[in-house]
Amino acid sequence: MFKKILIANRGEIALRIIRTCSEMGIKTVAVYSTADRDSLHVRFADEAVCIGPPVSKQSYLNIPSIISAAEITNADAIHPGYGFLSENAEFSQICADYGIKFIGATAEQINGMGDKATAKATMRAAGVPVIPGSDGLLESVEQGKVLAAEMGYPVIVKATAGGGGRGMRIIKAESDFEKAWNDARTEAGAAFGNDGLYLEKFVEEPRHIEIQIVGDQFGKVCHLSERDCSIQRRHQKLVEETPSPIVSPELREEMGAAAIKGAQAIGYEGAGTVEFLVDKHGKFFFMEMNTRIQVEHPITEEVTDYDLIKEQIKVAAGVPISGRNYTPKLYAMECRINAEDPANGFRPSPGKITNLHLPGGHGVRIDSHVYAGYTIPPNYDSMIAKLIVSGQSREEVITRMKRALKEFVIEGVKTTIPFHIKLMDDPKFKSGQFTTAFLEGFDFSTL
């Protein structure tokens, strides 16, 4: 087992990893930018190293600085968390070259799944259902128009190196194709340095369902059931729950088996998710694979009593998994608490938290790195806490979530708490019958 792990991340996920390491008797090293010197992950780690100024490229994305921090502290492993360098193949390979264990996927696995077109071809070859679309990248707008006509509109163009909805455009008619193509390429090139696009049939009225998987170094893969991530704004998730209201035991078994096949096809090592779209007829299609821990992993932990960070560390250290598939014993839901103003287009709201009261009680968990007096920097993602509740039924979870949200007090900045409270009262949300387009018709004016 590792003696010391450097956490190449910040905020709540860094603190989350530190807690598990402490329970496992593993020393920790926090890295931080000058904007994060007062963050809790810096305070609770055994050691801390400043790696640069607030700009991410000069700190949390600065590979030489992170490797140097690992070397001077004698860390024998690096946990990347999520975001930043967690799916960076170059970083994974450099860690291997320096004899530092990267707690995550190998460079080859990250490359194979990070390129969306390659990932789709790999999954198709493994027998996993994929959305009809182009075989690889589109070479021209004319080729795209021909394929779109064959599949039938609506279609969607996506950046092969994309994420977070960037480099993506839905096209409803041929007359819109060229403009959408140009806009997507421009956006993808600016965001990812890669303007390659591929084409898919647009799945109407979809649900976004992901399967949590864990694979070890010996070829075993198991799944820990699904999470429903359909409540999202501009492809950014806001609420996640498990089990999904629309997934039957039979569908869960089919999707779980498909996720395992896909992971085994690349010899996957570590925790990851295989993400699917499920259409209104109950058919599911592979969308992408995330070769890292997910923001929403706590809800799976709550319903399976399974520490995913601990399992990541054990797998990286060469410990085999049980190979047993898990099904939810309870229900759980997560609300992402962001420092944003939902009444004004979710405008970021950095600043000093003047007062803070966290909710509690049975079935309530808070993952956060903030405290009263903490200043939220404007340089990073606006998520400041995750509120996770669990219960015996979905109805109980919604009632408990609403109660916990009303207890949650954050003063000094705007947050998404008012949005979440209203969502818990929404009849359509409570019915469980919604799609990824749910928030397009949501009334934000009364927040």
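Me: Accessible areas come from the Shrake-Rupley method with a 1.4 Å probe, and for residues only the protein chains shown count as cover; how much area does the protein expose?

Reply: This is a predicted model, in which local features need pLDDT of at least 70 and side-chain atom pairs pLDDT 80 or more, while totals for chains, interfaces and linings use all residues. Residues are numbered from 1 along each chain as its sequence is written, and side-chain values use heavy atoms, leaving out hydrogens and water. Carbon and sulfur atoms supply 48% of the exposed area, which comes to about 18,100 Å².

Me: What is the radius of gyration of the protein?

Reply: Along the principal axes, the C-alpha atoms fill a box of roughly 60 × 55 × 40 Å. The radius, taken over C-alpha atoms, is compared with a globule rule of 2.2 Å times the number of residues to the power 0.38. Because a compact globule of 447 residues would have a value near 22 Å, the protein agrees with its 21 Å.

Me: Which helix gives the largest share of the largest nonpolar core?

Reply: A nonpolar core joins buried (under 20% relative accessible area, 1.4 Å probe, protein chains only) Ala, Val, Leu, Ile, Met, Phe, Trp, Tyr and Cys residues through side-chain atoms within 4.5 Å. The largest has 50 residues, and Phe276 and Phe286 are among those with the most contacts (heavy atoms within 4.5 Å) inside it. Six of its residues, the largest share, come from one helix (a DSSP run of H or I, at least four residues), namely residues 249-265, helix H9.

Me: How many residues does the second core have?

Reply: This core is separate and includes Val239, Ile337, Tyr371 and Phe434. Its number of residues is 39.

Note on methods
Areas by Shrake-Rupley, 256 points an atom, 1.4 Å probe, with all protein chains shown as cover. Helix = DSSP H or I, 4+ residues; strand = E, 2+ residues; numbered from the N terminus.
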